[in-house]
Amino acid sequence: MLVDTGGLLSVPKSGNVGVDGIAITRGGGQDALSAAVKEAHMAGLPAMIERQAAVAIEDAKTVIFVVDGQAGVTSADKDIANWLRKNHSNKKIILAVNKCESPTKGFQQAIEFWSLGFEPMGVSAISGTGTGDLLDAVCLGLESSKVEDVSSEDDTRVPSIAIIGKPNVGKSSILNALVGEERSIVSPVSGTTRDAIDSEVTGPDGQVYRLIDTAGIRRRTAVAAGGSKTEELSVNRAFRAIRRADVVALVIDAMACITEQDWKLSERIVKEGKGCVIVVNKWDTVPDKDHKSTVHYEQDVREKLRGLEWAPIVYTSAIDGKRVTKILDAAIEVEKERSRRLTTAILNQVVHEAMALNPPPRTRGGKKGRLYYCTQAAVRPPTFVFFVNEAQLFPDVYRRYMEKQLRSNVGYRGTPIRLLWRSKKKSDKDSKESSSKEALAETSV
């Protein structure tokens with residue numbers, strides 16, 4: 001397992017405690033910080049980043065200490081090297097001197113870092129130079145994990161729950177509350193989460209679930225206007241997280257209510273065929289709540305997110321940890337519904353009763369749709385195939401009616417379902433009659 005950490009602007013030091021237990025050091029000629037870095041310092045981001053890095057180092061067997069070969073040895077590099085020697089001498093430390101792609105200067109750049117007390121390895125992330133030797137050095141001495149034989153794929157499958165939404169709706173706070181530790185950095189600074197962060201948690205049923213915290217997704221026009229390549233990549237990672245998830249928790253700010261961006265995200269969830277739980281976060285900030293507040297709010301959500309009318313709604317306050325566990329409970333139920341398979345007998349009974357209650361409409365020519373049988377072809381999402389005489393005789397209105405009948409009779413709450421309509425192929429009788437007519441025509445000729 002390879003863990004990437006945020007850049008260290010400071011390192012922990014015993015006897016020299018700064019903000020949040022972190023001693024601040026500066027070096028490398030950075031006399032003046034940019035406005036973005038100042039904002040991050042005001043929000044306490046550097047201290048939080050270093051705490052996360054310290055946790056990663058504690059759990060690691062090998063540490064790759066990356067330095068800038070073109071910038072040379074800085075005071076911050078020396079502080080980090082001394083801290084690693086003092087606090088983590090029992091771990092394997094590999095000094096990777098990056099940006100050494102020059103065939104003439106790369107070797108000289110790497111030699112300069114011998115002063116840090118570790119053997120430097122010149123590498124170039126942009127060209128790949130030296131990365132093979134770096135991988136060999138990392139893997140040397142590591143124990144290979146044993147993989148046990150499994151009887152089926154479902155026994156080892158870990159269901160994934162992606163947490164998505166607009167920026168600053170509380171996605172990272174929800175993840176931390178579910179995991180029980182500060183796995184993701186929480187800050188009022190917009191865009192703190194850049195990559196999709198995976199964490200594992202054990203549900204009340206004993207099953208292990210993978211939680212995926214994603215970057216806040218803004219409107220495409222806003223991302224393009226900002227001109228940030230990093231944000232564009234972060235949004236793409238968030239969309240990929242939706243594709244690899246089983247259930248998506250769509251987080252909405254209770255005070256902001258439903259926006260156009262939330263509606264577009266709901267469309268993406270339905271298109272990808274993922275289960276969904278609508279999470280109304282920051283419910284504690286809604287003033288003058290009473291026993292009817294959730295009823296009125298749910299009516300507004302159902303009206304504006306009609307594509308997710310089947311999704312359960314959970315009201316939470318992640319900052320206080322109130323009702324956050326209900327998100328996991330709802331997601332577990334949704335995942336069970338997505339994986340449920342109906343017998344053909346029960347399915348056909350429900351479908352034929354629905355057709356008897358409301359038969360398909362006739363065409364102007366008097367044609368009427370006929371259903372032969374129905375079967376469930378797949379799960380995740382549940383997919384049903386209807387074998388009929390002619391698929392075009394079943395309009396969209398009737399197909400939606402059949403979907404509602406399935407949901408009202410057999411459930412599937414929290415997951416989209418797929419209905420596929422297949423026309424019956426030409427029968428053998430029709431084929432024989434056609435062959436006889438062709439033979440008769442040849443004889444008469």
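## Around I278 and helix α10

Leaving out residues up to four places away in sequence, I278 touches L250, I252, V301, R302, L305, L308, A311, P312, I313 and V314, where contact means heavy atoms within 4.5 Å. This is a predicted model, in which local features need pLDDT of at least 70, side-chain atom pairs count only at pLDDT 80 or more, and totals for chains, interfaces and linings use all residues. Residues are numbered from 1 along each chain as its sequence is written, and side-chain values use heavy atoms, with hydrogens and water left out.

I278 also belongs to the largest nonpolar core, which has 31 residues; I164, L250, C276, I278 and Y297 touch the most other members. Such a core is a set of buried Ala, Val, Leu, Ile, Met, Phe, Trp, Tyr and Cys residues joined through side-chain atoms within 4.5 Å. Among the elements that each supply at least two residues are these helices and strands, which are DSSP runs (H or I, at least four residues; E, at least two) numbered from the N terminus:

| Element | Residues |
|---|---|
| β6 | 160-165 |
| α9 | 229-244 |
| β9 | 247-253 |
| β10 | 275-281 |
| α11 | 293-304 |
| β11 | 313-315 |

α9 gives the most, with five residues.

Now to α10, which also supplies at least two core residues. Its buried residues are Q261, D262, L265, S266 and I269, buried being under 20% relative accessible area (1.4 Å probe, protein chains only). Viewed down the axis of α10, they fall within an arc of 145°, so they line one face of the helix; the arc is that of the directions from the helix axis to the C-beta atoms.

S266 has a relative accessible area of 3%. Beyond its neighbours within four places in sequence, S266 contacts L250, L305 and L308.

Methods. Buried < 20%, exposed > 50% of the residue type's maximum accessible area, 1.4 Å probe, protein only.
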